[in-house]
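Q: I am new to this structure and would like a close look at a single part of it. Please take one cross-link, describe how it is built and where it sits, and then set it in its wider surroundings.

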Amino acid sequence: MRRATSLVLPLAAVLLLGGCGVEKAGARGGGSASGCPTGAPSGPSGDTSGRERDGVRITGSGGASCDDIQWEVTNTGSRALTYTVTFSIVSDSGAALNSVEQTVPSVQPGRTVRRTLTRTAMGPYGDGTPPARILRVRSVPAGEAPSTGGPCPESGVRVYADQGDAAMGLRVVGLHLENCGTGPYRLDGYPRLQLLDEDHEPVEGVRILHGGSAIASGTGADAPPRPLTLRPGERARTTLVWRNTVEMGVGDPVNAPYVRTWAKPGAAPVTVVPELDLGTTGKLGVGAWQKDE
């Protein structure tokens with residue numbers, strides 16, 4: 001068990017593309033089977049950095065005009081993982097144009113899955129293939145992956161985090177729960193949380209406080225807990241609140257990309273990725289479940 005100290009990058013919008021791309025063998029050498037060049041498109045002055053990170057690799061270009069980007073993810077672990085990969089699209093001068101997130105669900109141990117980052121997904125750009133860099137890779141156990149749609153999980157509920165809001169060092173992220181099952185789902189109180197670092201190890205030394213008032217006022221996290229019964233199709237939400245204040249001499253800044261979440265005692269855990277950058281504050285506020293009208 002250890003404290004996470006790596007730099008956490010800003011949140012980006014999630015584009016779930018589990019059905020996009022193809023799972024196929026990639027050509028090796030100077031060109032692909034389509035005739036497009038292999039290897040990541042070079043950035044300014046031939047820069048080819050950022051094309052391999054944490055099991056994800058940019059392998060070349062594709063598409064009818066060779067302006068799509070081929071990439072792959074390899075699971076070297078011992079359990080099935082769902083990956084969310086953030087790509088940075090940069091201009092010829094090196095300026096960041098856009099960031100795109102793609103999700104690859106349920107990559108089995110030892111498997112390599114190949115995908116395509118399409119020209120359309122990358123956003124406006126001039127002629128040719130935009131230089132893309134792997135900015136960040138996140139992975140969660142496939143059985144604990146958050147879900148906003150698709151088939152209802154065996155638990156009968158979907159749990160996920162939203163994009164949140166950040167202003168003047170204050171962070172507010174919503175946790176959402178939807179009853180997608182066939183019967184009522186009861187909640188009462190606060191979710192249980194476990195913070196995990198980039199290596200999925202528990203983060204120590206952070207107090208998890210009920211309510212947001214110890215962090216800031218007006219965050220929406222201070223409503224009192226009360227019993228809820230969600231009928232099929234109904235939703236509930238709660239709020240995570242923290243600051244990323246860093247004080248010299250207090251200790252190392254704490255970053256916890258992952259939060260393992262139990263909606264109630266006995267519930268199946270879901271691992272969300274709110275990218276907690278807690279600074280040296282040592283505390284995180286969480287609100288009680290409230291019905292999302």
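A: The torsion about the S-S bond of Cys152 and Cys180 is about 75°, so this disulfide (a pair of cysteine sulfur atoms within 2.5 Å) is right-handed. Cys152 lies in the loop between strand S8 (132–141) and strand S9 (157–161), while Cys180 lies in the loop between strand S11 (170–179) and strand S12 (185–188), so the pair ties together parts that are 28 residues apart in sequence. The two sulfur atoms are 2.0 Å apart, and the count for this structure comes to 1 disulfide.

This is a predicted model, in which local features need pLDDT of at least 70 and side-chain atom pairs count only at pLDDT 80 or more, whereas totals for chains, interfaces and linings use all residues. Residues are numbered from 1 along each chain as its sequence is written, and side-chain values use heavy atoms, with hydrogens and water left out.

The two cysteines fall into separate classes of accessibility, where buried means under 20% relative accessible area, exposed over 50%, and partly exposed in between, with a 1.4 Å probe and protein chains only. Cys152 has 31% relative accessibility and therefore counts as partly exposed, whereas Cys180, at 18%, counts as buried.

Strand S8, which comes before the loop of Cys152, spans residues 132–141, and Val140 and Pro141 are among the residues in contact (heavy atoms within 4.5 Å) with Thr271, as are Glu144, Pro146 and Tyr258, leaving aside neighbours within four places in sequence. Thr271 itself lies in strand S19, residues 270–272, and counts as buried because its relative accessibility is 2%. Its side chain also makes a polar contact with the side chain of Glu144, at 2.7 Å; such a contact is a pair of N or O atoms within 3.5 Å, where within protein one must be able to donate a hydrogen and the other to accept it, and residues adjacent in sequence count only if both atoms are side-chain atoms.

As for the wider setting, the protein chain has 1 helix and 22 strands, taken as DSSP runs numbered from the N terminus (helices H or I, at least four residues; strands E, at least two). Of its 293 residues, 44% count as buried, and residues 24 or more positions apart account for 71% of the contacts with a separation of 6 or more.
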